[in-house]
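Subject: Structure handover

Hi,

As promised, here is the structure for you to look through. My notes on what turned up follow right below it.

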Amino acid sequence: MAAPAPGLISVFSSSQELGASLAQLVAQQAACCLAGARARFTLGLSGGSLVSMLARELPTAAAPAGPASLARWTLGFCDERLVPFEHAESTYGLYRTHLLSRLPIPDSQVITVNPELPVEEAAEDYAKKLRQAFQGDSIPVFDLLILGVGPDGHTCSLFPDHPLLQEREKIVAPISDSPKPPPQRVTLTLPVLNAARTIIFVATGEGKAAVLKRILEDKEENPLPAALVQPRTGKLCWFLDEAAARLLTVPFEKHSTL
């Protein structure tokens, strides 16, 4: 099996520089979309270390555009743990506390999973909300998705060898047996990920180096979930720090503000 096209790989000397560049790219992408015919910007966020990175950098990067610009952002989540918003594992809860308190996107423009519903109903409810927000699209097409990747190669709540990797009909799927706690989650499926106009994977730290080499360089018969993210017509980018990129031999762009 041929190795997938790795996309554009950008390597930064530190996670701080990576975060600043990521925030600038989000702001630039938003400006381009708001100036276009649709005059709106749709952004899908992932959790984990991305929360603190974006909370630190994005409010400053987005501020020059002003509140009228942010009112035309639509924010969704690539996956969510089925826990109350106040719980430390809630992706939306963390963004609400650390980012949205400083980035005044209207609540009506933030699409959330309802954690009070059973997991199957929560997935259906989130899919319904996405279809309402993306009216006219047969499948939701995000302008930008920011994804993480786990040491096992998972992205969103799509895990290695899991049946959800074969899902082609649903845009949102429930998962009750996540190998990473908490077990109940709701996730975007591969068809939605691969419909996006731009996808940025973000990975930092030595703990990601081995799996990134597998995803970006190895020809595996059974590719890891993150390697299955191959936008049909969109752009794929990887933002890595030096520690995460240390095993790569494929070409990449080195960035530094020093």
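The UniProt record, an unreviewed entry, lists residues 14-238 as "domain: Glucosamine/galactosamine-6-phosphate isomerase". Please keep in mind that what you have is a predicted model. Across residues 14-238, helix makes up 33% of the chain and strand 16%. The C-alpha atoms at the two ends of that stretch are 14 Å apart.

Let me start with the sheet of seven strands. This sheet is open, its strands are paired in parallel, and their order is β3-β2-β5-β8-β9-β1-β10. At its edges you will find β3 (73-77) and β10 (253-255), each of which pairs on one side only. On average, neighbouring strands in this sheet are turned by 20° against each other, if direction is ignored. For a pair to look at in detail, try strand β1 (residues 8-12) and strand β9 (residues 235-241), which are joined in the parallel sense over five bridges. Within that pair, Ser10 sits opposite Phe239 of β9.

Next comes a sheet of three strands. This one is also described as open, but the pairing is antiparallel and the order is β4-β7-β6. Because β4 (79-81) and β6 (172-175) are at the edges with a single partner strand each, one side of each has no neighbour in the sheet. Here the average turn between neighbouring strands is 15°, again ignoring direction. Four bridges link β6 with strand β7 (residues 185-188) in the antiparallel sense, and Val172 faces Leu188 of β7. Helix α5 (residues 119-133) lies across β6 and β7, and its direction is at about 165° to β6.

Now for the helices, where α2 is a good one to follow. Helix α2 lies across β2 (41-45), β3, β5 (144-148) and β8 (198-203), running at about 150° to β5.

Which angle do α1 and α2 make where they cross? The axes of helix α1 (residues 15-35) and helix α2 (residues 50-62) cross at roughly 50° and come within 8 Å. That angle is why α1 counts as oblique to α2. The crossing of these two helices is right-handed. On the α1 side the contact involves Ser15, Gln16, Leu18, Gly19, Ala20, Leu22, Ala23, Gln24, Val26 and Ala27. On the α2 side the residues are Leu50, Met53, Leu54, Arg56, Glu57, Leu58, Ala61 and Ala62. Sorted by class, this contact of α1 with α2 has 12 nonpolar residues, four polar ones and two charged ones.

Helix α2 also packs with helix α4 (residues 91-98), at an angle of about 20° and with the axes 10 Å apart. The two helices, α2 and α4, are therefore roughly parallel to each other. Their crossing is right-handed. Leu50, Val51, Leu54 and Ala55 make the contact from α2, while Leu94, Tyr95 and His98 make it from α4. By class, the contact of α2 with α4 contains six nonpolar residues, one polar residue and no charged residues.

Finally, two spots in the loops that you may like to click on. Which form does the peptide bond from Pro181 to Pro182 take, cis or trans? This bond is cis, with omega near -5°, and Pro182 belongs to the loop between β6 and β7. The other spot is Cys156, in the loop between β5 and β6. The phi angle of Cys156 is near 50°, which is a positive value in a residue other than glycine.

That is my tour. Have fun exploring, and write back with any questions.

Best wishes

Terms used
Residues numbered from 1 in each chain as written. Predicted model: local features only at pLDDT ≥ 70, side-chain atom pairs only at ≥ 80, totals over all residues. Heavy atoms only, no water. Pairing = 2+ DSSP bridges. Axes fitted to C-alpha atoms, helices over the stretch in contact; angles between N-to-C directions. Contact = heavy atoms within 4.5 Å. Parallel < 35°, antiparallel > 145°, perpendicular 65-115°, else oblique. Left-handed = near helix turned anticlockwise from the far one by under 90°. Nonpolar A, V, L, I, M, F, W, Y, C, P; charged D, E, K, R; others polar. UniProt positions renumbered as here; feature names shortened; annotations may be inferred.
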